[in-house]
Each structure stands twice: as C-alpha cells, then as structure tokens.
Amino acid sequence: MSTAKKFAGQTAIYGLSTIVQRLLSSLLTPLYTHVYLPKVYSIFSTMFAYASIFQAFLAFGMETTFFRYLNKFADKKKQVYNNGFWVIFIVSIGFLLLTIPFTHTLAGLIKIGKDIPQNEFELYIKYFIAILVLDAWCVIPFAKIRADGRPVKYGVIKVINIVVTVLLNVVFIIVIPYWLKHNLYGWEWISHWYIHGWVAYAFLSNLVASAVTLLLLLPELFELELKFDKVMFRQMLIYSGPILIANLSYLVNENLDKILLGKLLPVNISEHEVGVYSACARLSIFASLFNQAFRMGAEPFFFSHAKNKNAGYTYSRIMDYFVITMCVMFLGVVANIEILKYYVNNRAFWVGLDVVPPLLFGYVALGVYMNLSVWYKLSDQTRYGLYISCIGAIATIILNVIFIPKYSYMASAWTSLIAYTIMMVLSYIWGQKNYPIPYNLKKNLAYIISSVILVYLSFYVFNRNIFIGNALLLLFGTAALFFEWKNLKAIFNR
C-alpha cells in the first residue's frame, strides 16, 4: 500500500470517529440555544473558553512530545509512556492545589455580566476543575492508543464520551422537566433535588462523561509503572516546553475573543454579545472538525514517515488536497448558511451571522498552518512553534483590545482571521529556510484566493442566495477536479 493510501485510510478512520463525535456534540448547540437566551448561553462559552486554555496547560505539550520520542527512541516505548503520563499527573496535582482553595477569587475574575450569583460561578469552577484533571489523565493513554495503530478503539471511547454527555444533557434539560410537568411515576422524589433551568447540569454531564472515559482507559493506565528515565525525562520536558507555550498561545487565539468580549463590553450588553458570537461561531464547526480529524491522523503519520526518502513530496501532496478540501468546506458552509443557521435554533442569535465568513477563512489559514508546522516538529526546532504562536496571540490580544469596544464581536471574528493568517505566513517563510518542503505555493494560493472571491460573491454580493451560492460551489469543485484529475488517477491506480 502506498504511503498516500495508508495516510488516507488512517485519516479516514480518525476522521469518521471525529465526525461522529462532533456531530453528536453539535446536538447540544441547538438544544442550548433553544432553551437558553444569549446571555445564559454566554455562561457556556465563557467557561469552556477558560477550560480550553487550562486544558492545554495540564496536557503540558506531552501529546506531541510523546509521538516525537516514540519515533526517536523506538526501543524505549515503555519509558516514553511512563514519562509522558507522570509529567501530566504531577502538573495536575499542582493545579488542584493551586485552584481548589481559591475558587471564590477565580469566580470573581471569570464571571461576566451582573445576573449570575458569585456562588453559582464558584460551583461551575469546581466542576470544571474536576473535568480538566480527569481529561488530563486521559491524554497520554489516548496518545498511546493512536501510536499503537488502534484508531477504532480511540474512536469508540471518544464517541462514548460524547454520547454520555449528550444523553445526560437531554435527560436534565428535556426528559426530567417533561416528567415533572406530567407528574409521571416518581416525580415527587425527583422534584426534591431537581432545579429547573439550572445551567450547571450541562457541566455535571461533562464531568460524568470524563469519569466514564477514564474508566474505559484503565487497561492503558494499568500498563504504567511508577518510575522515570531521568535523562529522557529532562529531554522530554525541554522539548515540550515550547510546545506547551505554543499550544497555550494557539488557545488564546481560539478562546480569548470570548473572554475579552465579556470584559471589554459594557456590563449591560456583554452577556448578550458573547452569547450571540459564540453561538454563530459554532457554524464554523465543519472546518474546525476537519482540522481536528486531520491532525489526529497526520501527526503520527508525519513522524513515522520523516525518514522516508520522498517524505517532502508526500507532505506537499497532502497539503494540496488539504487546501482543496478546506476551500470546498469554506464555500459549502457559506453557500448554505440560510439553511445551516437553523442549527442555532433561536432567531435571537441570527443577528451575528456576519461573523461566519471571516471565522471560516480563519480556520482555512489555521489548517494550513497546522499542516506547515510539521517542519519544526520533525527538525526538533519547536522554538519556532513558540515564536509563531506567541506572535499570533499578541496580535489577537492587541487587535481585540483596540477594536472590541467599537466593533464588538465583528472585531473578534476578523482578528481571528488576521492572527491565523500571520501564523500561516510566518510558518511557511521560516519553514522554507530551515526545513524546505516543496509545497505547490502558486497552486494552493490560487485555490485559496478563488474560494475567497466566490465566498464574497455568495455572501455579500448575492446576499446569501442559496442557489447562486451552490452554483459557485459546484463551479469551484468542478474546476478543482479538472486540474487534479491526473494526480488523483495516479494515486488510486498504484
């Protein structure tokens, strides 16, 4: 089997499992937006924004480090596994000691608006601390499953996590209220403890799902030994440091906009604006989903094929089809925005639909950057990942702080696009100087620029007309197939 076919097969399995996970998870957005007003929905986006940043800190860059050191020390897989897990375990215990005693202070810092009691936010924070620690303990066992070439097990456990989360949300938000309203069997007992409309049930559902996931990973956890390879341990920490900061910087780019919207806008509108922006941003889920699926399959593949003679050519070819796929998704979502907006199941949120095109294009730039980032990971020059991500984070902070007070969430959408574009360009320039890969720059730029022009026509000139939008999508897809037909035939005839 050719490397291209092997990569396609592996990515397809991870992609399918990721699609199932995200599609199931996406059921929560129409549920939440139907039940809650924008100012209540802002609680979810605010808490998950902070959680994502802390999650990267607890993972400590060990996932990428784990794959790199498995490739580097193929005869010491056990030591790599032990070192990776115990680093995260120690960091998570420190995190518990530094957060649990100070939940009151943290609630005061995180809370936005004026309608949510302080003690409520303290409880939310406690739930999220538990979720973050449990999820952190799962990082290296999940990485081990991927490294062992078991994508089916990986996908099944991930899907179970989402199924538990969704089912518990449905029970707490729909089933129990219906049960109580109709006085069904046992309603009196349920009424003693159930709090109608309590937002924390969503967080409790996530906590239970995280605990279930950890239980399912017990076979991998039982393989751990309480010992370190001290020399390797120090090397892994040095390698992971820049990756940790780079990951944190990336998550600042992803989540700081929601946090700053809550802090920089007037108190009387901050909750509403954060809720609208966060809900409409969820329409970019398809681009985000593909990026995540690609990373799951690509990272182990890139490391395992780094020593191949034609590795650079393979990476270049992967980039070609990645760009085309992202551009098709970009066009497809915009062309069908008048249908997809019903995913945000409340007209009160639709005022924010203008954020979708810049956010989607930002994900195109982010995906290309993730693809390009292979050069500094394979050459052990992870400091460049640190530089690039920090520059992107600085741009995110400065532009949001300057423009949010005047342009609200539209400033956040365009800032996201600008920051990811900067990161993409820097990674390409530095990569070609330090670890040249023969990417088809002109062709990829042609696809990206063409998709931007067609999106502009679809969304702004033709006012989101679904028929014209899909005609433009078909035009782009046909042109791409025409230009790539010979290469595709060559791949599948091997």
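Okay, one term before we start: when I say buried, I'm talking about under 20% relative accessible area. And keep in mind that what you have on screen is a predicted model.

So, helix α2, residues 28–35. How many of its eight residues are buried? Six of them, so call this helix mostly covered. The buried ones are Leu28, Thr29, Pro30, Leu31, Tyr32 and Thr33.

Moving along the chain, let's look at a helix pair. Two packed helices are described by the angle between their axes and the distance between the axes. For α4, residues 62–72, and α5, residues 77–99, that angle is about 165°, and the axes sit 10 Å apart. Which means α4 is roughly antiparallel to α5, since the cut-off for that label is anything over 145 degrees. As for handedness, α4 and α5 make a right-handed crossing.

Now some backbone oddities. Most residues other than glycine have a negative phi. Phe60 isn't a glycine, yet its phi is positive, about 60°. Where is Phe60? In the loop between α3, which covers 38–59, and α4. Is Phe60 buried or exposed? Buried, because its relative accessible area is 17% and the limit is 20%.

Asn183 is another one: not a glycine either, with a positive phi of about 50°. You'll find Asn183 in the loop between α8 and α9, the latter being 187–193. At 46% relative accessibility, Asn183 goes down as partly exposed, because that class runs from the buried limit up to 50%.

Right, on to the surface. There's a nonpolar patch of about 780 Å², and the residues making it are Val171, Ile174, Val175, Tyr178, Trp179, Leu184, Tyr185 and Trp187. Which helix gives the most to this patch? That's α8, residues 151–181, with five residues. Ile174 is one of the patch residues, and it lies in α8. Why can Ile174 join the patch at all? Because its relative accessible area is 43%, and a patch residue needs over 30%. By the burial classes, Ile174 is partly exposed.

Last stop, Glu273. This residue lies in helix α13, residues 267–281. Here's a carboxylate side chain to click on: Glu273 counts as buried, because its relative accessibility is 15%. If you want a spot to pull up beside it, try Leu261: the two are twelve residues apart along the chain, and their C-alpha atoms are separated by 7.4 Å.

That's my tour, thanks.

Note on methods: Residues numbered from 1 in each chain as written. Predicted model: local features only at pLDDT ≥ 70, side-chain atom pairs only at ≥ 80, totals over all residues. Heavy atoms only, no water. Patch = residues over 30% accessible without salt bridge, like charges linked within 9 Å, V, L, I, M, F, W, Y side chains within 5 Å. Areas by Shrake-Rupley, 256 points an atom, 1.4 Å probe, with all protein chains shown as cover. Salt bridge = Lys/Arg side-chain N within 4 Å of Asp/Glu carboxyl O. Helix = DSSP H or I, 4+ residues; strand = E, 2+ residues; numbered from the N terminus. Buried < 20%, exposed > 50% of the residue type's maximum accessible area, 1.4 Å probe, protein only. Axes fitted to C-alpha atoms, helices over the stretch in contact; angles between N-to-C directions. Parallel < 35°, antiparallel > 145°, perpendicular 65-115°, else oblique. Left-handed = near helix turned anticlockwise from the far one by under 90°.
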